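Thanks for asking me to look this over with you. My comments are set out as numbered points, so you can follow along with the model open beside you.

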Amino acid sequence: METFDADVVIVGAGGAGLRAAIAVAEADPALVVALVSKVYPMRSHTVAAEGGAAAVTQANDSLEAHFHDTVAGGDWLCEQDVVEYFVAHAHEEMVQMEHWGCPWSRKADGHVNVRAFGGMKIERTWFAADKSGFHMLHTLFQTSIRYPAIRRFDEHFCVDLVVEDGRVQGVVAVEIASGDFRLIRAAAVIIATGGAGRVFRENTNGGIVTGDGMALAYRHGVPLRDMEFVQYHPTCMPGTGLLFTEACRGEGGFLLNKDGYRYLQDYGLGPAEPSPRNKAMELGPRDRLSQAYWHEQQKGRTIRGPHGECVHLDLRHLGEAKLRERLPQIYELALEYLGVDPATAPIPVLPAVHYTMGGILADGSTASPLAGLYSVGECSSVGIHGANRLGSNSLTELIVFGKVAGVEAASYARSVPKLRATGAIGTLAEESRRRALSVATREGGGERIATLRREMAQSMEEGCGIYRTGAAMQATCDKLAQLKERYKRLHVDDRSKGWNTEWLLGIELGYLLDVAQAMTHSALERRESRGSHQRLDGFGERDDANFLRHSLAWYAGDAPPRVTYGPVKITRSPPGRRAYGAAGEQAEAAAHNVQASVDV
Amino acid sequence: MSRNAGAGRAYVRPMRGWWRRNPFFVRYMLREATAVAVAVYAIVLATGVVRLAQGEASWNGWLEALRSPWSLLMHLVLLAAMIVHAKSWFEIMPKTMPMIFIGGRRLAAATITRTGWGATIAVSVALFALALVFSR
Amino acid sequence: MSESATTIRIDVLRYRPEQEDEPVWQSYIVPYADDMSVLQALQHVKDEQDGTLGFRWSCRMAICGSCGMMVNGKPALSCKTFLRDLQPGPVRIEALAHFPIERDLIVSVDPFVRKLEGIKPYLVPRKPRSLADGEYLQTPAELERYEQFASCINCMLCYAACPQYGLDPGFTGPGVLALLHRYNADSRDGGRAERMQIVNAEEGVWACTAVGYCSEVCPKHVDPANAVNQNKVNSATDYFLRFLSPRGGRT
């Protein structure tokens, strides 16, 4: 097997992976960074993010406010010291992006503009039209070209980590075009492979978001944290699941049920006012909005469409000019995919899976329990999102923690002795190759990839939906175990060596099934409702006494995963009630009065 | 970044006959061909200048040749080609110019095209009027 | 539009170098629905009928740039091309024109990426600024000068549209030149002089004959034809100014 020696390997070249690569190159230009990605970097799913990236900017804003919004948004399951670091370094990283050329939208005076976003008390979301992720990704990719230390392995599919002697020693990847395997050795490995939304039927994600890195770390004994928390984005396209950005609501869009009524006011987010108000109505947090949709559906107040029940996102009152200027991509999406002109008709939308809050266990420096292994971005659980992520926090996460991961990995790589070529590593790599190839060469198999994938996705939607019951979750757990058995009899049509995309889909299916198991078993064990994990079977309330803890899912091969719990770091914000709308304002006023009386 | 050639050879498709495969390309080739018409007419006019320099008899001979039926037919074809030439070039002209802002608004491509036509028609009318005046 | 259409035929140009020397057409019948895209049709074939069919895709919303291919002879993104507009079929699908086919609908992308890397596609700041000083100021008008050229998703449809590129793959090409222009036109950038060499080259803007089809097919309205052709003036000016000043050109 061809071998390449590096100091740091980064798997995944999206926003987080690219930022980490640049950070390594800047920390020490003498280090060699191997950037491995199964797609060309500009195809990474960061590209589809639309709304923006949050950072405290305005004079009337504060790190305290961003901190509280994030922790409350996460229903107090956040690692508060990590959140403190995050909010404190957000602005600096955003300015760095601007210095690298990111075309942020501007105010008339030339300063960067910020807009309102769900769950945020003050406007702090930087945006580049409605293509923020696209512009961030392309800026990072193009900037990364400046650093000769970054050696890219485009269209190389990572099939395994090499772990020996209790440390990570590199990765094994397939050059997709040729089918040749490569061993890329390095002392430090950063996983930046994104989320796992494709385990669900309706999702906003691209085809590549299959939890690859999560599964690889998981299979090597690294626990996956808080996997039960999956975000349903409230405004997605029926049928495809494609995203209509939260910015639609930030600019003033309304959500209407079949009676043309702004139903969110019935769910503690009101009162309804004509213009957008932060943390109220359509600018409430995503989990609340998706839950409101579910309730409306139960009451029969949603609209029947060709792809199921939906509600209406009404942007008509914004007018065509403003729509074309602020939300041009949304305009085109609605028009071309749905035949709906948002200036004259409401857009049918429904919640679809969008983001994986949980992921590889990572501490504040992005390190995992496995020596030399780091993780960053949606694939990791560094602790800032908790039970529900606020919109525009994740693009910022990529660059704040991308830098941290790069710096830490560089420092680690320099500190450990240079790897010697050992026979053991070569043997492990051959094992990885054999295992990967075996997915395509199962004889006597009759199961099609698409069939297993569809059944998994359907089951996940039923068991791990917006509202969950023990019975449904258990049924999904059983189904997944069955699917893993049937996976052993996978049939792959394609027998070619080069460009065997079907074989790779088969490997991805394996990743998806493992991650789905971690999600479902973690969900079953959490007998409370918190953030995006809501239960209807008697565990409908938050239970801080028993469950103010992170779940940890541990891989157990063919057996279902073991779920244990770990503590949550609380520093400045003791668990409170999440209050939005008028209730939120009252709560804030009361807290302010308490503070004032204390100050006296 | 290294990349092997793949398990097989990449296949390169031939370009022969490329412009016949798409109406857009056919129109493009027509546009390019009208440049020939412009060249032909330039030669006609240049010949006229030479004949003028050679004296009145030569000049009248050239004018007589222009009045022949074949010459009239050729001139009609050339005129049609020149109009296509002008049309296609005015269409592509906005592509050759940087963004123009007037009063904070960006000048649309259609405006540039129309301005080209407007100027052409105005100049043509003026020249025609001038020719009429001088022919009296 | 036929109300009774429940299926549609798609003809795909297959190429499996391990099996055949030349590409060969293969037909499939797929279910038809009003809102189905060409991509969904291809996914149906791969999922249910023939897993060996190879094609790139990801985002499904015309922003990742993966799924470019020829649909009925025209460059298109398969995720944004709908079967309802191609009725009654058959729909002819082949790999993006002017690129070597590696497999089925998958073309060689590396040469394009190398060209992109070669133009200094990053901000070379005109004036240095520390992070503590905050962002560079840039007015909405200044942003407008380059924003459309920054919207290129690298889908390469413009290369499939460009006959000059098809005849000479050494041509830098519309997409990469548009990106080059994006940086030159950014008020924060001062790297124009360094990029002129690429603009001025024979394989730079001068290989373009203003066919204009690239801008026609661009799914993001980048208008690469404009980016390339307005730089012909810049290139010529740069050439003549070289005679006036020792270093030549503008900085």
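The notes below go through the chains, their contacts and a few individual residues.

1. Before anything else, please keep in mind that this is a predicted model. The values I quote are computed from its atoms, and the domain bounds come from an automatic or database assignment.

2. Let me begin with the fold of chain B. Chain B has four helices and two strands, and their order along the sequence is α-α-α-β-β-α. The C-alpha atoms of this chain occupy a box of roughly 80 × 45 × 25 Å along the principal axes.

3. How does the radius of gyration of chain B compare with that of a compact globule of 136 residues? Chain B has 23 Å, whereas such a globule would have a radius near 14 Å. Burial is worth reading alongside this: 7% of the 136 residues in chain B count as buried. As for contacts in chain B with a separation of 6 or more, 40% of them join residues 24 or more positions apart.

4. The domain assignment splits chain B into domain 1 (19–96) and domain 2 (97–136). Taken over C-alpha atoms, the centres of these two domains of chain B are 21 Å apart. Six residues of domain 1 of chain B are in contact with seven residues of domain 2 of chain B. On the domain 1 side of that contact, there are four nonpolar residues, one polar and one charged.

5. Chain B also meets chain C, with 23 residues of chain B in contact with 27 residues of chain C. Which helix gives the most to the side of chain B that touches chain C? That is helix H1 of chain B (residues 23–53), which gives three residues. By class, this side of chain B has 14 nonpolar, four polar and five charged residues.

6. Chain C has a contact with chain A as well, made up of 43 residues from chain C and 45 residues from chain A. On the chain C side, the elements that give two or more residues are helix H1 (38–49), strand S6 (101–103), helix H2 (110–117) and helix H3 (140–147) of chain C. H3(C) gives the most, with three residues. The classes on this side of chain C are 17 nonpolar, ten polar and 16 charged.

7. While you have chain C in view, please look at helix H7 of chain C (residues 192–200). Its buried residues are Arg192(C), Arg195(C), Met196(C) and Val199(C). Why do they line one face of the helix? Viewed down the axis of H7(C), the buried residues fall within an arc of 125 degrees, so they share one face. In general, an α-helix has 3.6 residues a turn, so residues three or four places apart point the same way. The cover over the buried residues of H7(C) includes helix H6 (174–184) and helix H9 (224–244) of chain C.

8. Chain A is assigned three pieces: domain 1 (2–230 + 355–427), domain 2 (232–353) and domain 3 (439–561). The C-alpha centres of domain 1 and domain 3 of chain A are 24 Å apart, and 37 residues of domain 1 of chain A are in contact with 35 residues of domain 3 of chain A. On the domain 1 side, strand S8 (156–164), helix H5 (212–219) and strand S12 (224–225) of chain A are the elements that give two or more residues. The largest share, five residues, comes from H5(A). That side divides into 20 nonpolar, eight polar and nine charged residues.

9. The largest nonpolar core has 281 residues, and Val8(A), Val33(A) and Ile190(A) touch the most other members. Helix H14 of chain A (residues 501–525) supplies the largest share of this core, 14 residues. Leaving out residues up to four places away in sequence, the residues that Val33(A) touches include Val8(A), Ile10(A), Val24(A), Ile150(A) and Arg151(A).

10. One last residue to inspect is Trp76(A), found in the loop between helix H2 (63–73) and helix H3 (80–99) of chain A. Is Trp76(A) buried or exposed? It counts as buried because it has 23 C-beta neighbours inside 10 Å, and the cut-off for burial is 20 or more. Not counting residues up to four places away in sequence, Trp76(A) touches Val71(A), Gly386(A), Leu548(A) and Pro575(A). The C-alpha atoms of Trp76(A) and Lys569(A) are separated by 9.4 Å, although these residues are 493 residues apart along the chain.

Definitions and conventions. Residues numbered from 1 in each chain as written. Chains lettered and ligands numbered in written order. Predicted model: local features only at pLDDT ≥ 70, side-chain atom pairs only at ≥ 80, totals over all residues. Rg over C-alpha atoms; globule rule 2.2 N^0.38 Å. Buried ≥ 20, exposed ≤ 12 C-beta atoms within 10 Å, placed from the backbone. Contact = placed C-beta atoms within 7 Å. Nonpolar A, V, L, I, M, F, W, Y, C, P; charged D, E, K, R; others polar. Core = buried A, V, L, I, M, F, W, Y, C linked by C-beta atoms within 7 Å. Arc of directions from axis to C-beta.
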